[in-house]
Amino acid sequence: MDTPTPDEGVDPVPAALDRTRVPTHVACVMDGNGRWANARGLPRTEGHGAGEVALLDVVNGALEIGVRWLTLYAFSTENWRRPADEVRYLMGFNESLLMRRRDELHQKGVQIRFAGRRDWRVPRRVLRRMDESIELTKRNRTMTMTMAFNYGGRAEIVDAVKALVAEGVSADKVDEKAIRRHLYFPDMPDPDLVIRTSGETRISNFLLWEIAYSELIFPEVLWPDMRRRHLYEAVVEYQQRVRRFGAVHP
Ligand code: IPE
Ligand code: IPE
Ligand code: MG
């Protein structure tokens, strides 16, 4: 099978990027695959396939500059609304991507996780590959790569509230800390930087709780064309922003 390898080392880290102020957590909405394919007269699924090289190049770029947490939106709770053929392709593609790439990610010290609902719609085979990848990489500490898969920000908050209620937590004990403790990954820091490709300027149900104070960047590049240089450009732009968290900047 054709397993494209990203061209490592082509995009140098720009001098403008301050390596001492790299965002701890970068989250990406990998958008624009369908438009990329349409523009080439290809079926939409070809666009998803072409996103694999982009994903690997972004992972390698993130490792290069020392990003500790990388979260990638791969399939939303709303993406089930797409044509059955496309959904089927996406399930199989994510499964085969794990098969093709998990050893190399493991060798690079990447811990693979999945955020989202494990409901009946996700084929058992896919869940099995996910579990194998989690198990294989669970001791890795260089970077945690979380695939948001069958993920919805509202669903995550609903699941957290459900867990609180199931524990019998009383109303006066419900606070932000209590909700955070019941999110999918309580140990995951909030994203510092969210990048959504393809020029769409919306969040589409991604990490709603966690992005309260994230810096948002919307580059025009379509995901299959995304490379580490676009990540570096976004990080440079991020480093020019002033994060106030509601306070007054000195
Ligand atoms: C993002 O690309 C991939 C997924 C949602 C799985 P799209 O498939 O949404 O591409 P566009 O937005 O139609 O171009
Ligand atoms: C968000 O993109 C989901 C993923 C990238 C996985 P969509 O393409 O599904 O979002 P909308 O429908 O344009 O808002
Ligand atoms: Mg889209």
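Guide: A pocket, on a 1 Å grid over the protein atoms alone, is an open set of points with protein on both sides within 12 Å along at least five of seven lines. A molecule sits in a pocket if more than half of its atoms lie within 2 Å of its grid points. Ligand 1 passes that test for the largest pocket.

Visitor: What is the basis of this model?

Guide: This is a predicted model, in which local features need pLDDT of at least 70 and side-chain atom pairs count only at pLDDT 80 or more, while totals for chains, interfaces and linings use all residues. Residues are numbered from 1 along each chain as its sequence is written, chains are lettered from A and ligands numbered from 1 in written order, and side-chain values use heavy atoms, without hydrogens or water.

Visitor: What makes a residue part of the shell around ligand 1, and which residues are they?

Guide: One heavy atom within 4 Å is enough. Met30, Asp31, Gly32, Asn33, Gly34, Arg35, Arg44, His48, Ala74, Asn79, Arg82 and Leu90 surround ligand 1, so each counts as near.

Visitor: Why is the pair between Arg35 and ligand 1 called a polar contact?

Guide: The limit is 3.5 Å between N or O atoms; within protein, one must be able to donate a hydrogen and the other to accept it, and residues adjacent in sequence count only if both atoms are side-chain atoms. An N or O atom in the Arg35 side chain is 2.7 Å from a ligand 1 oxygen, so the pair qualifies. Asn33 uses a polar backbone atom, 3.1 Å from an oxygen of ligand 1. Arg82 brings a polar side-chain atom to 2.7 Å from a ligand 1 oxygen.

Visitor: How much of ligand 1 does the protein cover?

Guide: On its own, ligand 1 has 380 Å² of accessible area (Shrake-Rupley, 1.4 Å probe), and the protein covers 86% of that. Helix H1 (33-39) and helix H2 (44-65) each give two or more residues to its shell. H1 gives the largest share, three residues. Helices here are DSSP runs of H or I, at least four residues; strands are E runs of at least two, and numbering starts at the N terminus.

Visitor: Which residues of the ligand 1 shell count as nonpolar, and why?

Guide: Ala, Val, Leu, Ile, Met, Phe, Trp, Tyr, Cys and Pro are nonpolar, Asp, Glu, Lys and Arg charged, and the others, Gly among them, polar. Met30, Ala74 and Leu90 therefore count as nonpolar. The shell has three nonpolar, five polar and four charged residues.

Visitor: Where does ligand 2 sit?

Guide: Ligand 2 sits in the largest pocket. Its neighbours are Val29, Met30, Asp31, Tyr73, Ala74, Phe75, Asn79, Arg82, Arg196, Arg202 and Ser204. Strand S2 (residues 69-76) gives the largest share, three residues. The classes are five nonpolar, two polar and four charged.

Visitor: Which side chains make polar contacts with ligand 2?

Guide: Asn79 has a polar side-chain atom 2.9 Å from a ligand 2 oxygen. For Arg82 the distance is 3.2 Å. For Arg196 it is also 3.2 Å. The protein covers 78% of the 390 Å² of accessible area that ligand 2 has on its own.

Visitor: What volume does the largest pocket have, and which residues are closest to its centre?

Guide: The volume is about 580 Å³. Of its 29 lining residues, Met30, Asp31, Ala74, Asn79 and Arg82 are closest to the centre. H1, H2, S2 and H3 each give two or more residues to the lining. H2 gives the largest share, five.

Visitor: Why is a cavity not called a pocket?

Guide: A pocket is open, whereas a cavity is a set of points where a 1.4 Å probe fits but cannot get out; lining residues have an atom within 4 Å of a point. The structure holds two cavities of 30 Å³ or more. The largest has about 50 Å³, the second largest about 40 Å³.

Visitor: What lines the largest cavity?

Guide: Asn94, Leu97, Leu98, Phe114, Val126, Met130, Met147 and Phe149 line it. H3 (84-107), H4 (124-137) and strand S4 (143-151) each supply at least two of them. The lining has seven nonpolar residues, one polar and no charged.

Visitor: Which residues line the second largest cavity?

Guide: Ala115, Thr146, Tyr151, Glu156, Tyr184, Phe185, Met188, Leu207 and Glu210 do. Six are nonpolar, one polar and two charged.

Methods. Points joined across faces, edges and corners; volume = space filled by probe spheres on them.
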